[in-house]
Amino acid sequence: MNKVLDCSSVQQTFNRQDVDVLSTQTVYDGFFKMVKYRLRHKLFAGGWSGEFERELFERGHAAAVLPYDSVRDQVVLIEQFRVGAMAAECQPWQLEIVAGMLDHDNESAEQVVRREATEESGLVLGKTEKISRYLSSSGGCSEILEIFISEVDSSLAQGIHGVASESEDIRVHVVSRNQAYQWLESGKIENAATIIALQWLQLHHQRLRQA
(Lines give C-alpha, C1' and ligand atoms only; values in the text may rest on other atoms or scores of the structure.)
Protein backbone atom coordinates (compact mmCIF):
# COMPACT_ATOMS: atom_id res chain seq x y z
CA MET A 1 0.00 0.00 0.00
CA ASN A 2 1.38 3.41 -0.94
CA LYS A 3 1.99 5.83 1.89
CA VAL A 4 0.26 9.19 1.45
CA LEU A 5 2.08 12.14 3.02
CA ASP A 6 0.35 15.32 4.10
CA CYS A 7 2.37 18.01 2.35
CA SER A 8 -0.29 20.72 2.41
CA SER A 9 1.89 22.99 4.55
CA VAL A 10 5.01 22.49 2.42
CA GLN A 11 5.50 25.23 -0.18
CA GLN A 12 8.49 24.03 -2.16
CA THR A 13 9.55 25.66 -5.41
CA PHE A 14 12.04 23.48 -7.21
CA ASN A 15 14.25 24.27 -10.21
CA ARG A 16 17.10 22.72 -12.21
CA GLN A 17 19.46 23.07 -9.24
CA ASP A 18 17.34 20.57 -7.29
CA VAL A 19 18.16 17.75 -9.69
CA ASP A 20 21.40 15.78 -9.39
CA VAL A 21 22.37 14.14 -12.69
CA LEU A 22 24.77 11.34 -11.80
CA SER A 23 25.53 10.08 -15.30
CA THR A 24 24.34 10.08 -18.90
CA GLN A 25 24.81 7.43 -21.58
CA THR A 26 23.87 7.65 -25.26
CA VAL A 27 22.22 4.32 -26.03
CA TYR A 28 21.17 5.14 -29.59
CA ASP A 29 22.35 7.81 -32.04
CA GLY A 30 20.62 7.83 -35.43
CA PHE A 31 18.01 10.09 -37.00
CA PHE A 32 17.01 10.72 -33.38
CA LYS A 33 18.96 10.09 -30.19
CA MET A 34 18.17 8.12 -27.03
CA VAL A 35 20.03 9.02 -23.82
CA LYS A 36 19.87 7.14 -20.51
CA TYR A 37 19.99 9.38 -17.43
CA ARG A 38 20.84 8.22 -13.91
CA LEU A 39 19.69 10.86 -11.44
CA ARG A 40 17.96 11.84 -8.24
CA HIS A 41 15.96 14.91 -7.18
CA LYS A 42 14.62 16.66 -4.11
CA LEU A 43 11.25 15.58 -2.71
CA PHE A 44 8.26 17.73 -1.81
CA ALA A 45 8.24 16.24 1.69
CA GLY A 46 11.95 16.95 2.16
CA GLY A 47 15.14 15.05 1.46
CA TRP A 48 16.15 13.37 -1.77
CA SER A 49 14.72 10.60 -3.91
CA GLY A 50 16.66 7.42 -4.46
CA GLU A 51 18.75 7.09 -7.59
CA PHE A 52 16.77 6.04 -10.68
CA GLU A 53 17.15 5.81 -14.45
CA ARG A 54 15.15 7.35 -17.28
CA GLU A 55 15.59 6.95 -21.04
CA LEU A 56 15.11 10.27 -22.81
CA PHE A 57 14.16 10.69 -26.46
CA GLU A 58 16.25 13.55 -27.90
CA ARG A 59 14.73 14.82 -31.15
CA GLY A 60 15.71 18.49 -30.93
CA HIS A 61 13.28 21.41 -30.89
CA ALA A 62 10.67 22.42 -33.43
CA ALA A 63 8.41 25.25 -34.56
CA ALA A 64 5.00 25.26 -36.24
CA VAL A 65 2.76 27.85 -37.85
CA LEU A 66 -0.92 28.11 -38.77
CA PRO A 67 -1.21 30.06 -42.05
CA TYR A 68 -4.41 32.16 -41.77
CA ASP A 69 -6.10 34.37 -44.34
CA SER A 70 -8.03 36.86 -42.22
CA VAL A 71 -9.67 38.43 -45.29
CA ARG A 72 -11.24 35.16 -46.46
CA ASP A 73 -11.36 33.62 -42.95
CA GLN A 74 -9.56 30.54 -44.25
CA VAL A 75 -6.73 28.41 -42.92
CA VAL A 76 -4.10 26.43 -44.80
CA LEU A 77 -3.51 22.89 -43.56
CA ILE A 78 -1.17 20.25 -44.92
CA GLU A 79 -1.56 16.48 -45.15
CA GLN A 80 1.30 13.99 -45.02
CA PHE A 81 2.17 10.44 -43.95
CA ARG A 82 3.28 10.05 -40.31
CA VAL A 83 4.87 6.79 -39.15
CA GLY A 84 4.02 7.52 -35.49
CA ALA A 85 0.34 7.86 -36.34
CA MET A 86 0.46 4.58 -38.26
CA ALA A 87 2.12 2.77 -35.36
CA ALA A 88 -0.47 4.19 -32.94
CA GLU A 89 -3.25 2.89 -35.22
CA CYS A 90 -4.45 6.41 -35.98
CA GLN A 91 -4.97 7.81 -39.49
CA PRO A 92 -1.51 7.45 -41.10
CA TRP A 93 -2.04 10.57 -43.22
CA GLN A 94 -2.39 13.42 -40.75
CA LEU A 95 -3.91 16.90 -41.20
CA GLU A 96 -1.46 19.34 -39.67
CA ILE A 97 -0.13 22.86 -39.68
CA VAL A 98 3.25 23.67 -41.21
CA ALA A 99 6.14 22.62 -38.95
CA GLY A 100 9.84 21.87 -38.92
CA MET A 101 12.86 21.20 -36.76
CA LEU A 102 15.35 23.81 -35.58
CA ASP A 103 18.22 22.20 -37.47
CA HIS A 104 20.61 25.16 -37.55
CA ASP A 105 22.17 26.67 -34.41
CA ASN A 106 21.59 30.28 -35.44
CA GLU A 107 18.09 29.82 -36.87
CA SER A 108 15.22 31.25 -34.80
CA ALA A 109 11.84 29.52 -34.48
CA GLU A 110 10.23 32.20 -36.65
CA GLN A 111 12.87 31.72 -39.34
CA VAL A 112 12.13 27.99 -39.27
CA VAL A 113 8.40 28.42 -39.87
CA ARG A 114 9.01 30.91 -42.69
CA ARG A 115 11.34 28.44 -44.40
CA GLU A 116 9.04 25.49 -43.81
CA ALA A 117 5.98 27.38 -45.07
CA THR A 118 7.66 27.78 -48.44
CA GLU A 119 8.85 24.16 -48.54
CA GLU A 120 5.60 22.56 -47.37
CA SER A 121 2.93 24.84 -48.84
CA GLY A 122 4.60 27.19 -51.32
CA LEU A 123 3.49 30.19 -49.25
CA VAL A 124 5.39 33.28 -48.15
CA LEU A 125 4.32 34.25 -44.65
CA GLY A 126 3.29 37.79 -43.78
CA LYS A 127 2.88 39.23 -40.30
CA THR A 128 3.54 36.53 -37.71
CA GLU A 129 2.44 36.26 -34.08
CA LYS A 130 3.58 33.74 -31.49
CA ILE A 131 0.80 31.68 -29.94
CA SER A 132 2.57 29.52 -27.35
CA ARG A 133 5.23 26.91 -26.72
CA TYR A 134 4.93 23.53 -25.06
CA LEU A 135 6.78 20.33 -24.19
CA SER A 136 5.71 17.52 -26.53
CA SER A 137 5.95 14.76 -23.91
CA SER A 138 7.99 15.83 -20.88
CA GLY A 139 7.97 12.39 -19.28
CA GLY A 140 10.34 11.02 -21.89
CA CYS A 141 11.19 13.65 -24.52
CA SER A 142 13.06 16.96 -24.33
CA GLU A 143 11.42 18.54 -27.40
CA ILE A 144 9.96 22.05 -27.12
CA LEU A 145 7.62 23.15 -29.88
CA GLU A 146 6.86 26.84 -30.52
CA ILE A 147 3.62 27.68 -32.31
CA PHE A 148 2.90 30.75 -34.47
CA ILE A 149 0.08 32.11 -36.58
CA SER A 150 0.80 34.06 -39.73
CA GLU A 151 -1.13 36.11 -42.27
CA VAL A 152 -1.18 34.62 -45.80
CA ASP A 153 -3.04 34.90 -49.07
CA SER A 154 -4.82 31.55 -49.13
CA SER A 155 -5.67 31.89 -52.84
CA LEU A 156 -2.01 31.12 -53.53
CA ALA A 157 -2.04 27.86 -51.57
CA GLN A 158 -2.43 24.74 -53.67
CA GLY A 159 -0.72 21.63 -54.96
CA ILE A 160 1.73 19.06 -53.66
CA HIS A 161 4.97 20.10 -51.97
CA GLY A 162 7.88 18.81 -49.88
CA VAL A 163 11.61 18.21 -50.05
CA ALA A 164 12.33 15.10 -52.10
CA SER A 165 15.59 14.35 -50.26
CA GLU A 166 13.59 14.18 -47.01
CA SER A 167 10.99 11.83 -48.54
CA GLU A 168 8.27 14.45 -48.08
CA ASP A 169 4.99 14.17 -49.98
CA ILE A 170 2.75 16.97 -48.74
CA ARG A 171 -0.71 17.97 -50.00
CA VAL A 172 -2.14 21.43 -49.29
CA HIS A 173 -5.72 21.99 -48.09
CA VAL A 174 -7.44 25.39 -47.92
CA VAL A 175 -10.57 25.34 -45.76
CA SER A 176 -12.68 27.80 -43.85
CA ARG A 177 -11.84 28.43 -40.22
CA ASN A 178 -15.22 26.95 -39.25
CA GLN A 179 -14.59 23.80 -41.27
CA ALA A 180 -11.17 23.31 -39.69
CA TYR A 181 -12.65 23.72 -36.22
CA GLN A 182 -15.39 21.20 -37.01
CA TRP A 183 -12.68 18.74 -38.02
CA LEU A 184 -10.98 19.39 -34.68
CA GLU A 185 -14.18 18.79 -32.70
CA SER A 186 -15.01 15.62 -34.64
CA GLY A 187 -11.57 14.13 -33.92
CA LYS A 188 -10.40 14.21 -37.53
CA ILE A 189 -7.45 16.39 -36.48
CA GLU A 190 -5.21 14.50 -34.05
CA ASN A 191 -2.00 16.53 -34.07
CA ALA A 192 -1.36 18.49 -30.84
CA ALA A 193 0.16 21.62 -32.41
CA THR A 194 -2.71 21.84 -34.89
CA ILE A 195 -5.32 21.46 -32.16
CA ILE A 196 -3.68 24.17 -30.03
CA ALA A 197 -3.37 26.57 -32.98
CA LEU A 198 -6.97 26.11 -34.14
CA GLN A 199 -8.35 26.49 -30.63
CA TRP A 200 -6.33 29.69 -30.22
CA LEU A 201 -7.62 31.00 -33.56
CA GLN A 202 -11.20 30.27 -32.55
CA LEU A 203 -10.69 32.54 -29.53
CA HIS A 204 -8.82 35.33 -31.34
CA HIS A 205 -10.09 35.40 -34.95
CA GLN A 206 -12.23 38.50 -34.44
CA ARG A 207 -9.24 40.53 -33.28
CA LEU A 208 -7.14 39.30 -36.18
CA ARG A 209 -9.84 40.10 -38.74
CA GLN A 210 -10.40 43.57 -37.35
CA ALA A 211 -6.67 44.28 -37.41
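This report walks through the fold, one enclosed strand, two buried residues and the salt bridges of a single chain.

## Overall picture

The model is predicted. The chain holds four helices and 11 strands. Its C-alpha atoms fill a box of roughly 60 × 40 × 35 Å along the principal axes. Of the 211 residues, 34% count as buried. Contacts across the sequence matter for reading the fold: among those with a separation of 6 or more, 55% are between residues 24 or more positions apart.

## The open sheet of E1, E2 and E3

Three strands form an open sheet, ordered E1-E2-E3, with antiparallel pairing. Strand E1 (19–29) and strand E3 (52–58) are the edge strands, and each pairs on one side only. From one strand to the next, the twist averages 25°. Strand E2 (residues 33–41) pairs with E3 in the antiparallel sense over seven bridges. Here Lys33 stands opposite Glu58 in E3.

## Strand E4 and its partners

How many of the residues of E4 are buried? Eight of the eight are, so E4 is largely enclosed by the rest of the structure. In a regular strand, side chains alternate between the two faces of the sheet. In E4, Ala62, Ala64, Leu66 and Tyr68 point one way. Ala63, Val65, Pro67 and Asp69 point the other way, and all of these residues are buried.

E4 (residues 62–69) runs parallel to E9, joined by seven bridges. Pro67 stands opposite Ser150 in E9. Val65 stands opposite Phe148 in E9. Val65 also stands opposite Val98 in E7. E4 and strand E7 (residues 98–101) pair in the antiparallel sense over four bridges.

E4 also meets strand E5 (residues 74–81), running antiparallel, through two bridges. Tyr68 has Val75 as its bridge partner in E5. The hairpin of E4 and E5 has four residues between the strands, and Asp73 takes a positive phi near 55° there.

Strand E9 (residues 144–151) is mostly covered, with six of its eight residues buried. Besides its pairing with E4, strand E9 is joined to strand E8 (residues 128–135) by seven bridges, and these two run antiparallel. Leu135 stands opposite Ile144 in E9.

## Two buried residues

Glu120 lies in helix H2 (residues 109–121). What is the nearest side chain of opposite charge to Glu120? It is Arg82, 5.7 Å away, and Glu120 is buried yet has no salt bridge. A salt bridge needs the nitrogen and the carboxyl oxygen to be within 4 Å. The side chain of Glu120 does reach the backbone nitrogen of Ala99, at 3.3 Å. Leaving aside neighbours within four places in sequence, Glu120 is in contact with several residues, including Ile78, Gln80, Val98, His161 and Ile170.

Val175 is found in strand E11 (residues 170–176). Why does Val175 count as buried? Its relative accessibility is 11%, and buried means under 20%. Not counting residues up to four places away in sequence, Val175 touches Gln74, Val75, Leu77, Ala180 and Trp183. Val175 and Ser138 are 37 residues apart in sequence, and their C-alpha atoms are 32 Å apart in space.

## Salt bridges

Side chains of opposite charge can pair when their charged atoms come close. A search of the whole structure finds 18 salt bridges. Three of them are listed here with the distance between their closest N and O atoms.

| Positive residue | Negative residue | Closest N and O atoms |
|---|---|---|
| Arg72 | Asp69 | 2.7 Å |
| Arg114 | Glu110 | 3.2 Å |
| Lys130 | Glu146 | 3.0 Å |

Lys130 lies in strand E8 and Glu146 in strand E9, so this pair ties together parts that are 16 residues apart in sequence. Lys130 is partly exposed at 42% relative accessibility. Another group is a network: salt bridges that share partners join Glu107, Arg115, Glu116 and Glu119.

In the first row, Arg72 is partly exposed, with a relative accessible area of 43%. Its partner Asp69 is buried at 2% relative accessibility. Arg114 and Glu110 both lie in helix H2, four residues apart, about one turn of the helix. Arg114 is partly exposed at 30% relative accessibility. Glu110 is partly exposed too, with a relative accessible area of 32%.

Note on methods. Residues are numbered from 1 along each chain as its sequence is written. This is a predicted model: local features need pLDDT of at least 70, side-chain atom pairs count only at pLDDT 80 or more; totals for chains, interfaces and linings use all residues. Side-chain values use heavy atoms; hydrogens and water are left out. Two strands pair if DSSP finds at least two bridges between them. Axes are lines fitted to C-alpha atoms, for helices over the stretch in contact, and angles run from 0 to 180 degrees between N-to-C directions. Buried means under 20% relative accessible area, exposed over 50%, partly exposed in between (1.4 Å probe, protein chains only). Lys and Arg count as positive and Asp and Glu as negative; His and the chain ends are not counted. A polar contact is a pair of N or O atoms within 3.5 Å; within protein, one must be able to donate a hydrogen and the other to accept it, and residues adjacent in sequence count only if both atoms are side-chain atoms. Contact means heavy atoms within 4.5 Å.
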